[in-house]
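New to this one? Let's take a relaxed walk through the model, starting with confidence and ending with some aromatic rings.

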Amino acid sequence: MKCIVIGIAGGTGSGKSTFTNRIKDEFGDRVSVIYHDNYYKCQDEVPFDERIKTNYDHPDALETDLLIKHIKELKNGKSVLCPVYDYSQHNRSSKKIEIKPSRI
């Protein structure tokens, strides 16, 4: 399946989610959405008091290599299990979200 990848970037409060939701409203099931925020690194080995000090704006806070791998798998027609980040714990949860490939 040939697909189109759209990257939406911008600062906090810039309208990324609003724009993404409008695309989803327009194209429905033909759109799969994957959020970079879900790819904050797992910090199981870091005490909570230290995790809350994490600079989430720094690129090192994210596991971008896994995001890129997942985007490539989606482009190749494979589903991925996307991590879920738990902001209340400043860590990844044990949950995963299955994202299926689509046209967009």
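What follows is a short tour of confidence, a pocket and a group of tyrosines.

This is a predicted model, and the protein chain has an average pLDDT of 93. Some 99% of the residues score at least 70. Among the elements, helix H1 (residues 16-27) sits at the bottom with a mean pLDDT of 92, while strand E1 (residues 80-86) comes out highest at 97.

Now for the empty space. The largest pocket holds about 1,000 Å³, and 39 residues line it. Nearest its centre you'll find Ile8, Val33, Ile34, Tyr35 and His36. Two elements, H1 and helix H3 (64-75), each give two or more residues to that lining. H1 gives the most, with 5 residues. Sorted by class, the lining of the largest pocket has 20 nonpolar, 14 polar and 5 charged residues.

On to the rings. The model has 5 aromatic pairs. One of them joins Tyr85 and Tyr87 edge-to-face, with 5.3 Å centre to centre and 65° between the planes. That angle counts as edge-to-face because it is over 60 degrees. Tyr85 and Tyr87 also belong to one aromatic cluster along with Tyr40 and Tyr56.

So how exposed are the two partners? Here they are side by side.

| Residue | Relative accessible area | Class |
|---|---|---|
| Tyr85 | 6% | buried |
| Tyr87 | 48% | partly exposed |

Tyr85 counts as buried because its 6% is under 20%, whereas Tyr87, at 48%, is partly exposed because that value falls between 20% and 50%.

Note on methods
Residues numbered from 1 in each chain as written. Predicted model: local features only at pLDDT ≥ 70, side-chain atom pairs only at ≥ 80, totals over all residues. Heavy atoms only, no water. pLDDT = per-residue confidence, 0-100. Helix = DSSP H or I, 4+ residues; strand = E, 2+ residues; numbered from the N terminus. 1 Å grid on protein atoms, 1.4 Å probe; cavity = no way out; pocket = protein on both sides within 12 Å on 5 of 7 lines; lining within 4 Å. Points joined across faces, edges and corners; volume = space filled by probe spheres on them. Nonpolar A, V, L, I, M, F, W, Y, C, P; charged D, E, K, R; others polar. Phe/Tyr/Trp six-rings, centres within 6.5 Å; stacked < 30°, edge-to-face > 60°. Buried < 20%, exposed > 50% of the residue type's maximum accessible area, 1.4 Å probe, protein only.
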